[in-house]
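Colleague: I would like to go through the terms used for this model one by one, and to hear on what grounds each is applied.

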Amino acid sequence: MRSKILPDGERFRVRTADISEGGVAFVTELHLAVGDRIMLSVWMGARPITMEALVMRIEPMSFGRSRIACEVDSIADHD
């Protein structure tokens, strides 16, 4: 949605590392910044759950990847 580094509206795929009611973490090679606002669609079974989240923490990993930890701040009522 809004990024300090990536173009607004850029789409990308990531690997989900952790998910809970209030947060989600994923692994990516893309460079994001703390404060970026993203929209995620996480597939649970046959349908996606779409949420908006705020990047809160970035943890460097091996091979140029990072673990991005986000706080979920909006999710559809039906999800």
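Modeller: Let us start with a pair of charged side chains: aspartate 73 and arginine 37 form a salt bridge, their closest N and O atoms lying 2.4 Å apart. Aspartate 73 sits in strand 5 (residues 66-75) and arginine 37 in strand 3, so the pair links distant parts of the chain, 36 residues apart, where strands (E, at least two residues) are DSSP runs numbered from the N terminus. This is a predicted model, in which local features need pLDDT of at least 70 and side-chain atom pairs count only at pLDDT 80 or more, while totals for chains, interfaces and linings use all residues. Residues are numbered from 1 along each chain as its sequence is written, and side-chain values use heavy atoms, with hydrogens and water left out.

Colleague: What makes the contact of aspartate 73 with arginine 37 a salt bridge?

Modeller: The term requires a side-chain nitrogen of Lys or Arg within 4 Å of a carboxyl oxygen of Asp or Glu; with the closest N and O atoms 2.4 Å apart, aspartate 73 and arginine 37 therefore qualify. By this rule the count comes to 3 salt bridges.

Colleague: Why is aspartate 73 called partly exposed?

Modeller: Buried means under 20% relative accessible area and exposed over 50%, with partly exposed in between (1.4 Å probe, protein chains only). Aspartate 73 has 38% relative accessibility, so it counts as partly exposed, and arginine 37, at 28%, is partly exposed as well.

Colleague: Which residues are joined by salt bridges that share partners?

Modeller: Glutamate 59 forms a salt bridge with arginine 57, the closest N and O atoms being 2.7 Å apart, and the side chains of glutamate 59 and arginine 67 meet in another at 3.9 Å, N to O. Salt bridges that share partners thus join Arg57, Glu59 and Arg67 into one network.

Colleague: How do you know whether threonine 28 is buried or exposed?

Modeller: Threonine 28, which is found in strand 2, has 5% relative accessibility and therefore counts as buried. Its contacts, taken as heavy atoms within 4.5 Å, include Val14, Gly64, Arg65, Ser66 and Ile68, not counting residues up to four places away in sequence.

Colleague: What makes the backbone nitrogen of leucine 30 and the side chain of threonine 28 a polar contact?

Modeller: A polar contact is a pair of N or O atoms within 3.5 Å; within protein, one must be able to donate a hydrogen and the other to accept it, and residues adjacent in sequence count only if both atoms are side-chain atoms. The backbone nitrogen of leucine 30 lies 3.0 Å from a polar atom of the threonine 28 side chain.

Notes: Helix = DSSP H or I, 4+ residues; strand = E, 2+ residues; numbered from the N terminus.
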